[in-house]
Every structure is written in structure tokens, then in C-alpha cells.
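The following paragraphs accompany the sequence and the three-dimensional model. Please keep both in view while reading.

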Amino acid sequence: MNEATILILGGTGNTGRPLAELLLRESSADLILAGRNLKKAETLAAEFNHNFNGDRVSARQVDAADAASLRQAFDGLDLVVVASSTADFAPDVAAAALRAGIDYLDVQYSTHKVAVLQALSPEIVAAGRCFITDGGFHPGLPAALIRYLAPQFDTLTKARVGSVIKIDWSSLTFSPETMDEFVGEFMDFQSIAFRDGRWQKVSAWSMMKPETMDFGPPFGRQYSIPMFLEEMRAIPELYPEIQETGFSVGGFNWFVDWLLSPIIMVALKLSPNKARRPMGNLMFWGLRTFSKPPYGTLLKVEAQGQVDGLREKRQLILCHPDGYLFTAIPAA
């Protein structure tokens with residue numbers, strides 16, 4: 001039986017690199033590290049082959065914005081994993097994967113990307129392919145964690161998922177495209193939660209007085225703002241008795257949350273394309289300058305419901321000191 005060949009688009013990046021290392025440790029797949037910088041990919045591939053005593057890793061130059069480049073890169077693969085800042089090119093990447101007859105997995109948050117893949121769903125099914133989207137830690141894990149806890153209740157009535165993302169941004173490097181996409185999430189952001197039997201948008205006034213969740217030491221009680229994830233849409237359908245559910249994302253730091261974010265949102269609304277790059281630079285300056293320890297990434301589920309006629313509560317926490325490795329682990 002031939003081993004699978006997996007191409008990681010963005011294989012030298014902050015998520016792609018730890019993902020490749022996990023796959024080398026936990027699978028026997030052959031890997032191709034792909035990106036615009038061939039030299040960087042070749043250097044990392046040689047490092048992996050040395051560290052893992054083999055020749056399972058190779059490099060390939062790929063431009064996600066170039067359909068011909070994608071078509072050539074996907075030849076002979078089993079799976080493409082999108083770990084790069086390419087949500088804007090999701091239609092091209094997905095179409096190239098379909099043409100090549102390969103499967104697909106991505107880890108980015110993007111409502112635009114989800115809409116593109118939903119539109120392609122009939123073609124994906126007809127081709128017998130498996131496309132998995134939102135496969136990181138969030139999006140990716142929140143709905144799965146609720147489904148993990150739900151069987152502990154006879155009736156599940158409430159399930160809140162919150163996150164803390166505290167990163168030492170000064171220790172990381174990002175491409176201009178990554179910064180563009182990161183800031184672009186502000187345009188995709190939908191502050192929606194399931195309350196009183198329906199999904200509803202959270203008012204601007206409510207966001208000025210956000211809910212809090214106790215994440216325990218070292219983070220303690222943190223405020224968080226509802227953020228709709230497509231994976232959460234099915235939770236009320238799976239558990240019809242549920243009265244409240246949703247995912248909330250915690251803040252970065254006081255300066256970015258309360259001063260920069262409103263400026264960035266207004267600028268992106270007025271000029272979505274021209275404002276991306278300068279707002280991205282401004283955002284990362286704020287992250288690097290004002291983010292302070294403790295650092296770490298954490299997901300917490302608070303659930304309640306009925307067990308043998310009594311009201312019960314359960315909670316579950318997943319955490320990791322490295323947010324990018326935390327994204328790579330569920331993908332792997």
C-alpha cells in the first residue's frame with residue numbers, strides 16, 4: 001500500500017511548520033512543504049529529513065493566486081492542507097483540488113471561504129472527494145467539545161465556549177499577506193449567539209459590556225465577545241432543548257481591544273482594500289507593543305442540563321502554551 005502524499009500550503013509558516021512536524025511524528029505520510037519562497041521550503045525540508053532520518057519531505061514552489069501554479073503543484077497528491085494566508089484564494093485552491101482529484105483540509109477562519117466551499121458542495125460530493133474546512137482549534141474544536149460533553153446529560157440546556165489567546169507576538173514573524181488576512185477577519189466577524197431559541201446578532205451596546213468567563217489560573221476572569229463559527233450552527237439542531245449556546249473570543253490586550261479595533265473596523269468599512277495593509281501594520285504594532293504575559297491559548301466549555309431530574313453543570317478546558325501548535329494539533 002502506498003503512503004499518502006500530503007502537500008502543506010504554507011508549510012514553512014507559523015502553523016504549517018508544527019503541523020509538518022506532527023505529521024512526521026504521528027504518520028508515515030510523505031510531505032511536500034509548499035509556498036512562494038522555494039529556498040525557505042527547501043531548507044526546512046532538509047532540516048526535517050535530517051531530524052527524522054529519512055527523505056519523506058520535499059519542497060515545492062506554489063503561488064495560491066496562480067491557477068497554473070496550483071494545477072502543477074497538486075499533481076500526484078492525495079491531500080492538500082491549507083495552512084497559509086490564502087482565504088482570499090479559496091475558490092482557486094478548492095477548484096484546483098477538485099480538478100486534481102484530491103482531498104482538502106484548511107484551518108483558517110473566513111466566512112467568505114466557507115461560502116465558497118458550500119457553493120462547491122455538489123461538485124465535491126459528485127467527485128467523491130472529502131473537503132474539511134475550519135479544522136484548527138477555533139474554528140474547529142468548540143462544537144466538537146460541546147458534542148463531547150453532551151452525552152453526560154439527559155438534556156443539554158446551555159453550552160458556552162470561550163477562548164483566551166495570549167501570544168508573545170514580538171517573538172513571531174509574519175508575511176504581509178498574513179497580516180492582510182488577519183486584519184481581514186474584522187470584515188468577516190459576525191457577533192452572533194444562540195439565545196431564546198434563535199441565532200441573533202449581539203447589539204453594539206452589549207458588546208460594550210461583554211460577558212465574562214472564569215478561565216482559572218493564570219488568566220482568571222476574562223471578557224469575551226460572541227463570534228459566530230459555522231460549526232456551531234448545528235448545535236441547536238442536534239440538541240433541541242438547548243436554550244443558549246455560542247462561541248466567544250477573548251481580547252488581545254487593552255490597547256488593541258478598546259482603542260485600535262474600533263479604528264480598524266471603521267477604516268476597513270470605509271476602504272476595505274486600501275486600508276488592509278496599513279491597518280495590518282497598525283494591528284501588529286499594537287499586539288507586539290502592548291501584549292504582556294502570561295501567555296497561552298485556552299478553550300473552555302461551560303455546559304449545564306438535566307441528569308436524573310437534577311440540574312448539573314460540567315466544564316472542560318483544553319490549553320496549550322503555543323497558540324500555533326494548538327492550531328496544528330487538531331489538524332494533524
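Leaving aside its neighbours within four places in sequence, Gln304 is in contact (heavy atoms within 4.5 Å) with Phe153, Leu156, Thr157, Lys158, Arg311, Glu312 and Lys313. The model is a predicted one, in which local features need pLDDT of at least 70 and side-chain atom pairs count only at pLDDT 80 or more, while totals for chains, interfaces and linings use all residues. Residues are numbered from 1 along each chain as its sequence is written, and side-chain values use heavy atoms, with hydrogens and water left out.

Gln304 belongs to strand β13, which spans residues 296-307; helices (H or I, at least four residues) and strands (E, at least two) are DSSP runs numbered from the N terminus. Gln304 counts as buried because its relative accessibility is 18%, where buried means under 20% relative accessible area, exposed over 50% and partly exposed in between, with a 1.4 Å probe and protein chains only.

One of the contacts of Gln304, Leu156, leads to the largest nonpolar core. Such a core is a set of buried Ala, Val, Leu, Ile, Met, Phe, Trp, Tyr and Cys residues joined through side-chain atoms within 4.5 Å. This core has 47 residues, of which Ile146, Leu156, Trp169, Met283 and Phe284 touch the most other members. Elements that each supply at least two residues of this core include β7 (155-166), α12 (276-290) and β13, and α11 gives the most, with six residues. Not counting residues up to four places away in sequence, Phe284 touches Trp169, Phe174, Met179 and Phe182. Apart from this core lies another, of 24 residues, among them Leu70, Ala73, Val82 and Phe131.

Ala90 lies in helix α4, residues 90-100, and is buried because its relative accessible area is 2%. Beyond its neighbours within four places in sequence, Ala90 is in contact with Lys113 and Val116. The C-alpha atoms of Ala90 and Arg276 are separated by 18 Å, with their positions 186 residues apart along the chain counted as their separation.

The second largest pocket is lined by 18 residues, of which Ile132, Thr133, Asp134, Glu230 and Glu231 lie nearest its centre. A pocket is an open set of points, on a 1 Å grid over the protein atoms alone, where a 1.4 Å probe fits, with protein on both sides within 12 Å along at least five of seven lines; lining residues have an atom within 4 Å of a point. At least two lining residues come from each of α5 (111-119), β6 (131-132) and α7 (142-149).
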